[in-house]
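The following exercises invite the reader to examine a protein chain step by step. Each task is followed by a worked solution.

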Amino acid sequence: QVQLVESGGGLVQPGGSLRLSCTASGSIFSRSAMGWYRQAPGKQREWVATISSGSRVTYADSVKGRFTISRDNAKNTVYLQMNSLKPEDTAVYYCRADFASALGTRNYWGQGTQVTVSS
């Protein structure tokens, strides 16, 4: 069974930076596409960024140029480097793994980590 654990959230001033980490258990990490999502109070969860098993990356327009997603397969970890943070980036950030096999595609979610951008 796959487990995902996020870390690195906290309180930061506008214009500051944070790096989030998500570490996965098991042996499926290197074969999975990994993504970051976020959910602000009173809003629906939204997609932020994705990195494929081949390290191809895509970003939501709201974070493109400010956030960078990367992965280290040797550490079973995906990162989200967040620069030039804005108050509207405040949300709980979730890690997601998409694993495709002969049995179909499985989706796994982490527990989330809080990011607060405020002066």
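**Exercise 1. Determine the handedness of the disulfide between C22 and C95.**

Solution. The model is a predicted one. A disulfide requires two cysteine sulfur atoms within 2.5 Å. The sulfur atoms of C22 and C95 are 2.1 Å apart, and a disulfide joins these residues. By this rule, the count comes to one disulfide. The torsion about the S-S bond of C22 and C95 is about -80 degrees, so the disulfide is left-handed. C22 belongs to strand β3 (residues 18-24) and C95 to strand β9 (residues 91-101), so the pair ties together parts that are 73 residues apart in sequence. As for their surroundings, both C22 and C95 are buried.

**Exercise 2. State which secondary-structure elements the chain holds, and in what pattern.**

Solution. The chain has 11 strands and zero helices. Read along the sequence, the pattern is therefore written with strands throughout: β-β-β-β-β-β-β-β-β-β-β.

**Exercise 3. Compare the radius of gyration of the chain with that of a compact globule of 119 residues.**

Solution. For 119 residues, a compact globule would have a radius of gyration near 14 Å. The value for the chain is 14 Å, which agrees. Along the principal axes, the C-alpha trace spans about 50 × 25 × 25 Å. Of the 119 residues, 41% are buried. The accessible surface of the chain comes to about 6500 Å², and carbon and sulfur atoms account for 46% of this surface. Contacts may also be sorted by sequence separation: among those between residues at least 6 apart, 54% join residues at least 24 apart.

**Exercise 4. Trace the pairing from strand β4 to strand β5, and then from β5 to strand β6.**

Solution. Begin with β4 (residues 33-39) and β5 (residues 46-51), which run antiparallel and are joined by five bridges. Within this pairing, G35 stands opposite T50 in β5. The two strands β4 and β5 form a hairpin with six residues between them. In the turn of that hairpin, G42 has a positive phi of about 75 degrees.

Continue with β5 and β6 (residues 57-59), which pair in the antiparallel sense over three bridges. Here T50 stands opposite T58 in β6. Strands β5 and β6 likewise form a hairpin, with five residues between them. S55, in the turn between β5 and β6, has a positive phi of about 70 degrees.

**Exercise 5. Give the order of the four strands in the open sheet, and identify the edge strands.**

Solution. The order is β1-β3-β8-β7, and the pairing is antiparallel. The edge strands are β1 (4-7) and β7 (67-72), each of which pairs on one side only. Neighbouring strands of this sheet are turned by 15 degrees against each other on average, direction ignored. One pairing can be followed in detail: β7 and β8 (residues 77-82) are paired in the antiparallel sense over six bridges. D72 has T77 in β8 as its bridge partner.

**Exercise 6. Is S21 buried or exposed, and which residues does S21 touch?**

Solution. First, locate S21 in strand β3. Next, apply the cut-off: buried means under 20% relative accessible area. S21 has 14% relative accessibility and therefore counts as buried. Finally, setting aside residues up to four places away in sequence, S21 touches V5, E6, S7, W36, T77, V78 and Y79.

**Exercise 7. Describe the position of S30 and its contacts.**

Solution. S30 is found in the loop between β3 and β4. At 30% relative accessibility, S30 counts as partly exposed. When neighbours within four places in sequence are left aside, S30 is in contact with S53, R71 and N73. S30 and L20 are 10 residues apart along the chain, and their C-alpha atoms are separated by 19 Å.

**Exercise 8. What sign of phi do N76 and S84 have, and where do these residues lie?**

Solution. The general expectation is that most residues other than glycine have a negative phi. N76 is not a glycine, yet has a positive phi of about 50 degrees. This residue, N76, lies in the loop between β7 and β8. S84 is also not a glycine and has a positive phi of about 50 degrees. The place of S84 is the loop between β8 and β9. At 41% relative accessibility, S84 counts as partly exposed.

How values were computed:
Residues are numbered from 1 along each chain as its sequence is written. This is a predicted model: local features need pLDDT of at least 70, side-chain atom pairs count only at pLDDT 80 or more; totals for chains, interfaces and linings use all residues. Side-chain values use heavy atoms; hydrogens and water are left out. Buried means under 20% relative accessible area, exposed over 50%, partly exposed in between (1.4 Å probe, protein chains only). Two strands pair if DSSP finds at least two bridges between them. Axes are lines fitted to C-alpha atoms, for helices over the stretch in contact, and angles run from 0 to 180 degrees between N-to-C directions. Contact means heavy atoms within 4.5 Å. The radius of gyration is taken over C-alpha atoms; the globule rule is 2.2 Å times the number of residues to the power 0.38. Accessible areas come from the Shrake-Rupley method with a 1.4 Å probe; for residues, only the protein chains shown count as cover.
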